Every structure is written in structure tokens, then in C-alpha cells.
Amino acid sequence: MSTTYTLDTSTSRANPTPAPVRRLTVPALRARKVDGVTADPIVVLTAYTARQAQLLDQHCDMLLVGDSLGQVIYGLPSSVPVTLDMMAAHGAAVVRGSYHSVVIIDMPFGSYEASPAQAFESASRLLKETGAAGVKLEGGAAMAETIAFLSARGIPVCAHVGLTPQAVNALGGYGPRGKDEAEAQKIRGDARAVAEAGCFAMVIEGVVEPVAAMITAEVPCPTIGIGASPLCDGQVLVTDDLLGLFERTPRFVKRYADIAGMIGRAAADYAAEVRARTFPGPEQLYGVKK
Ligand code: KIV
């Protein structure tokens, strides 16, 4: 169990934790949207490790410990096998590595759908063990009762509508949602239901642009888009995607770096020097005291 939210810099390789500043809060993020307008868009990235959190924290308003860690960190085929133990361990690391952003943790598949009571047990465990400020869960109208239950009991909930990856087995894939009128109306209904239930924000994922824009105009809470619309009140991406760590990136991802290429080149240079016996060089060697 983690109760230490600052890095022990005497034992960590990481940079010293910056002077404590006030962490943003869920109410402050919720209050960014006034009368349907968010003048200051909400910047969200996923984070799974303490060091990643340290590097992203000052640039973000919210760090999402996404269950995408199943694929990104663990090489799993989907987020379905992700467990509460995984989310708690990575959530605690991200809280330890951050000091400014609101940290939200994904509730993994199977940890909340059975009942509001099951959801409360799982969400309260995540908050107690990590120090995170809230949870995210997938689903629309079917999850409204659970969102109201958690919110009324002091657990801020970020909803997630549209493409809900935990339902990949029911959806049959990760294609965009809301292309036909019936599905668009269903997603709009889901968004209204989770907003009325009291979510402080909602992720809209993989939804055709006009529908995402319409939902953003219709709901009082901030919408966070991914593969949705620039008109959403904020945006989120999987950090490893924007860093260019994977060869295959979906259409909605913009690569801002080529870290995979840099890692490959660094490893190749290291391997060549080891084979040529030029590493370690004199600068890396310990001498004998004279
Ligand atoms: O798991 C995740 O990373 C997410 C974001 C992509 C929204 O849910």
C-alpha cells in the first residue's frame, strides 16, 4: 500500500520533486466549463509510471492512469484482462511522480459493472491505495446509477462514452461510433445520462466529429475528446502514441516525436561499442586510489 506521495529523491534516479505547488482539483477542472464554454481547454495525457508522470505533469491538467496500460505496458491484446492490482500499482506510481495535475485512474473491466456497491468497493480501494483524486469508468446510461452512487459518496467520476474499449468483445472492434443516426442518438442519450448522474467530466472516444461537437454543446460538464472533435472541452491521447513508441498509430493520433527510432538508434550504438570493446571507455571506469 502506498501512502507516500512524494518521491524519495535520495534513493531515486528521478529528478528532485519540484517545490510543492497546489495540485489542481476536480472541482477546479469541472468549473472550467461555464455556461457551456471552456475558455481554457483541459489537457490530459495518460501516464503509467512515476518518471513519465514527472515529465508530463507540468504540461497537463489531468493525468489519466488508463487501462490502456494493458496493451502499452503489459503487451496484452486488449484492456479486458487488466486487474485492480495493476491499476493500483501504476496509479500510486503516477501520484508519486506528479504534484500539479489531477490524477484519475481507470476502473478495470469487471471491477465495477456488477453493482454500485461493487464499484464503490473498487473505487475506494484505488483512491485509498494511490492518493488519486477520482476514477474513470466506461459506459453510458447503464452506468448512470453507479456514477450517481459514487459521486454522492465522495468519489469523483469521469465517464467514458462512444467507443468503450472494454466492450471490444461486444462491439467487435475499435472502429468509430455514431456513424448512423440511431447510434448517434444512442451516444447522445448516454452522454446526457452520465452528465445528469453527476460525472465531473466525460471522455468521448472514437465518435464522428459532429456528434462529439453536439454532445459538447449539450452537456454541462467538460468533455475530453480522443478521436472526437477539436470542439471538445479538452483532449486526451495515449502518451506512448504521441511519443511515437509504436509503429502502428490510429488515425486520431498525431505523433509529436520518434522515441522508438531514438531508442533503436541508441541500442544499436551501444551494441556496436560493446562488440568493438570501446564501451566502457576511460570516462566510465573506476580508477585505483593512489
Ligand atoms: O485507457 C486509456 O488510456 C483511455 C484513454 C485512451 C481515454 O481510456
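Below are four exercises with worked solutions on a predicted model.

**Exercise 1. The ligand site**

Find which residues lie around the ligand, and which side chains have an N or O atom at a stated distance from an oxygen atom of the ligand.

Solution.
Step 1. Locate the ligand: it sits in the largest pocket.
Step 2. List the surroundings. The residues around the ligand are Thr-46, Leu-64, Gly-66, Asp-67, Ser-68, Asp-106, Lys-136, His-160, Val-203, Ile-226, Val-236 and Val-238.
Step 3. Look at the polar atoms. For Asp-67, a side-chain N or O atom is 2.9 Å from an oxygen atom of the ligand. For Asp-106, the corresponding distance is 3.1 Å. For Lys-136, a side-chain N or O atom is 2.9 Å from a ligand oxygen.
Step 4. Consider the area. The ligand taken alone exposes 260 Å², and the protein buries 95% of that.

**Exercise 2. The neighbours of strand 10**

Determine which strands pair with strand 10, in which sense, and over how many bridges.

Solution.
Step 1. Start with strand 3, residues 42–46. Four bridges join strand 3 to strand 10 (residues 234–237), and the two run parallel.
Step 2. Take strand 9, residues 223–226. Strand 9 also pairs with strand 10 in the parallel sense, over two bridges.
Step 3. Find a residue that serves both pairings. Gly-234 in strand 10 stands opposite Ile-42, and Gly-234 is also the bridge partner of Ile-224.
Step 4. Connect this with the ligand. Among the residues around the ligand are Thr-46, Ile-226 and Val-236. By residue number, Thr-46 falls in strand 3, Ile-226 in strand 9 and Val-236 in strand 10.

**Exercise 3. Helix 11 and what follows**

Compare the span of helix 11 with the expected value, then describe the backbone after the helix.

Solution.
Step 1. Count the residues: helix 11 covers residues 259–276, which is 18 residues.
Step 2. Compare the spans. From first C-alpha to last, helix 11 reaches 26 Å, close to the 26 Å expected at 1.5 Å a residue.
Step 3. Move past the end. Arg-277, just after helix 11, takes a positive phi of about 60°.
Step 4. Continue to Pro-280, in the segment after helix 11. The peptide bond joining Phe-279 and Pro-280 is cis, with omega of about -5°.

**Exercise 4. An unusual phi**

Where is Asp-35 found, and why is its phi worth noting?

Solution.
Step 1. Place the residue: Asp-35 is in the loop between strand 1 (33–34) and strand 2 (37–38).
Step 2. Read the angle. Asp-35 has a positive phi of about 50° although it is not a glycine.
Step 3. Recall the general rule: most residues other than glycine have a negative phi.

Key. Residues are numbered from 1 along each chain as its sequence is written. This is a predicted model: local features need pLDDT of at least 70, side-chain atom pairs count only at pLDDT 80 or more; totals for chains, interfaces and linings use all residues. Side-chain values use heavy atoms; hydrogens and water are left out. The expected span of a helix is 1.5 Å times one less than its number of residues. Two strands pair if DSSP finds at least two bridges between them. A residue is near a molecule or strand if one of its heavy atoms lies within 4 Å of it. A polar contact is a pair of N or O atoms within 3.5 Å; within protein, one must be able to donate a hydrogen and the other to accept it, and residues adjacent in sequence count only if both atoms are side-chain atoms. Accessible areas come from the Shrake-Rupley method with a 1.4 Å probe; for residues, only the protein chains shown count as cover. On a 1 Å grid over the protein atoms alone, a cavity is a set of points where a 1.4 Å probe fits but cannot get out, and a pocket is an open set with protein on both sides within 12 Å along at least five of seven lines; lining residues have an atom within 4 Å of a point. A molecule sits in a cavity or pocket if more than half of its atoms lie within 2 Å of its grid points.
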